[in-house]
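The following note concerns the surroundings of the ligand and the nonpolar interior of the protein. Please read the points with the structure open.

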Amino acid sequence: MSTECLQLPLEGSDWSILEAEIDRLTGNVFDGFRGRLGSQCLRGPDDVQEIAHRAYDKFFHENGILSGRIPELGRIEKQVQDMCVSIFGAGPEGACNLTCGGSESNFSGLHAAREWAREVYPDISEPEFIIPRSAHPTFTKSGHYLGMKITRIPVANNYRADSSAMRNAITENTIGIAGSAPCWPYGLFDPIDELSEIAKDRNLWLHVDACVGGYLAPFVKKAGYDVPDFDFKLPGVQSIAADLHKYGFVAKPCSSILWRHRDLQKYHYFPFDDWPAGSYMTEGFTGSRPAAAIYSAWAVLQYLGEEGYCRIAKSIMETKAELDRGIAAIDGLKPWDNDLSFVCFEAVDIDIGKISAGMGARNWFLFGVREPQMILIPVDPVESMVVDKFLDDLKEVVAAVQAGEVTDSTSLDYT
Ligand SMILES: *Cc1c(COP(=O)(O)O)cnc(C)c1O
């Protein structure tokens with residue numbers, strides 16, 4: 001089998017042949033623990049994955065587009081939505097839609113804000129959102145699709161959103177602002193409380209991107225750690241994006257968009273009735289979607305409950321502290337603190353891309369940050385089992401880079 005310009009084969013093959021070929025092509029690096037650390041898989045502990053898997057497999061072929069037509073599926077989805085609402089402090093008026101990922105959830109927040117503004121600010125024809133520079137690229141991508149201007153404001157010296165600069169940047173076309181809880185590049189929460197005040201003062205929509213941390217932060221807080229406020233307890237927050245398929249440990253693709261009030265959810269939907277096949281309305285932008293991910297979400301949320309998520313949150317924070325301590329003890333590295341579960345470190349007087357390359361050669365996948373140059377690891381619970389091995393490898397790789405023995409340098413770009 002050639003990997004170049006592979007064409008549809010004339011005849012099929014048996015699974016045993018295909019599996020062997022897949023293993024050959026992937027080098028089998030995904031088997032076992034090596035290569036898992038930091039790779040944004042966020043699988044959670046093995047028992048949780050077993051549940052996610054079982055529920056997913058049971059409904060592998062079902063199409064979530066029919067959740068409005070198939071009562072059993074609709075009921076399950078409603079229960080997942082209700083459980084999600086209960087996590088973010090909206091009270092009984094809150095509402096939720098499930099989406100196929102953080103990109104779609106952020107898109108949904110901005111789309112609803114635009115529809116809301118068409119009613120509230122009918123004179124604005126070129127709507128604009130103001131966001132911190134550290135906010136996820138999906139904001140600008142969504143603005144591109146929605147015909148909305150997205151203005152990124154440099155972060156403050158502490159790398160969090162500069163709320164006064166954001167306030168000063170508001171124009172007569174501004175319909176909303178956004179912040180992250182936390183942002184991806186730094187694992188830091190923007191001052192959502194300050195953004196909430198701005199949103200209240202100026203009657204703007206405030207969307208919070210809690211994609212990565214949304215299903216972790218509330219439980220880290222309940223486990224006794226300090227976590228900044230970011231949810232609907234803050235009166236200006238209108239929508240929150242939070243990924244079940246990240247720290248919710250649910251099978252991909254599964255995310256949620258939460259609405260402060262049901263009345264805001266109406267701006268989300270796009271009902272269409274002028275079609276030969278009849279009326280058409282979906283839960284989000286995506287049409288066909290795996291119902292299996294919804295069943296998997298239901299099963300994992302029920303399996304863990306608040307107690308389970310708190311237990312995992314605590315273990316993640318302990319693993320992070322262990323990694324931070326180990327990194328601080330390595331000559332040439334400088335750990336960077338943040339609010340949640342990320343381990344970030346800078347390199348002193350050496351090319352950090354070479355550390356990434358050296359670790360890559362040992363099958364560790366590491367994310368980078370360009371401003372400032374850092375390596376970033378979103379800690380996954382399974383990593384408590386590989387901390388020692390990781391730190392040993394890191395120490396050896398840093399020494400090798402210092403000795404000039406590593407010549408390759410990996411780019412710090414996300415994709
Ligand atoms: C992952 C992430 C997203 C995008 O989510 P996808 O599920 O990759 O579409 C948005 N914002 C933040 C902060 C993220 O970490």
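1. A polar contact is taken here as a pair of N or O atoms within 3.5 Å. The model is a predicted one. By that cut-off, the side chain of Ser103 qualifies, because one of its polar atoms lies 2.6 Å from an oxygen atom of the ligand.

2. Two further side chains approach the ligand through N or O atoms. For Asp209, the partner is a nitrogen atom of the ligand, at 2.7 Å. For Lys246, the partner is an oxygen atom of the ligand, at 3.1 Å. The ligand taken alone exposes 380 Å², of which the protein buries 87%.

3. The residues around the ligand also include Gly101, Gly102, Asn106, His136, Trp184, Cys211, Val212, Asp243 and His245. By character, this shell comprises 6 polar, 3 nonpolar and 3 charged residues. Helix α4, spanning residues 102–120, is the element that gives the most to the shell, with 3 residues.

4. Turning to the interior, the largest nonpolar core holds 105 residues. Within this core, the residues with the most contacts are Leu244, Leu258, Ile355 and Leu394. Helix α10 (residues 291–328) supplies the largest share of the core, 17 residues.

5. Ile355 merits inspection in the viewer. Its neighbours within four places in sequence being left aside, Ile355 is in contact with Leu333, Ala347, Ile350, Ile375, Leu394, Val397, Val398 and Val401.

6. Another core, of 22 residues, lies apart from the largest one. Among its members are Ala95, Ile131, Ile150 and Trp205.

Conventions. Residues are numbered from 1 along each chain as its sequence is written. This is a predicted model: local features need pLDDT of at least 70, side-chain atom pairs count only at pLDDT 80 or more; totals for chains, interfaces and linings use all residues. Side-chain values use heavy atoms; hydrogens and water are left out. A nonpolar core is a set of buried Ala, Val, Leu, Ile, Met, Phe, Trp, Tyr and Cys residues joined through side-chain atoms within 4.5 Å. Buried means under 20% relative accessible area, exposed over 50%, partly exposed in between (1.4 Å probe, protein chains only). Helices (H or I, at least four residues) and strands (E, at least two) are DSSP runs, numbered from the N terminus. Contact means heavy atoms within 4.5 Å. A residue is near a molecule or strand if one of its heavy atoms lies within 4 Å of it. A polar contact is a pair of N or O atoms within 3.5 Å; within protein, one must be able to donate a hydrogen and the other to accept it, and residues adjacent in sequence count only if both atoms are side-chain atoms. Accessible areas come from the Shrake-Rupley method with a 1.4 Å probe; for residues, only the protein chains shown count as cover. Ala, Val, Leu, Ile, Met, Phe, Trp, Tyr, Cys and Pro count as nonpolar, Asp, Glu, Lys and Arg as charged, and the others, Gly among them, as polar.
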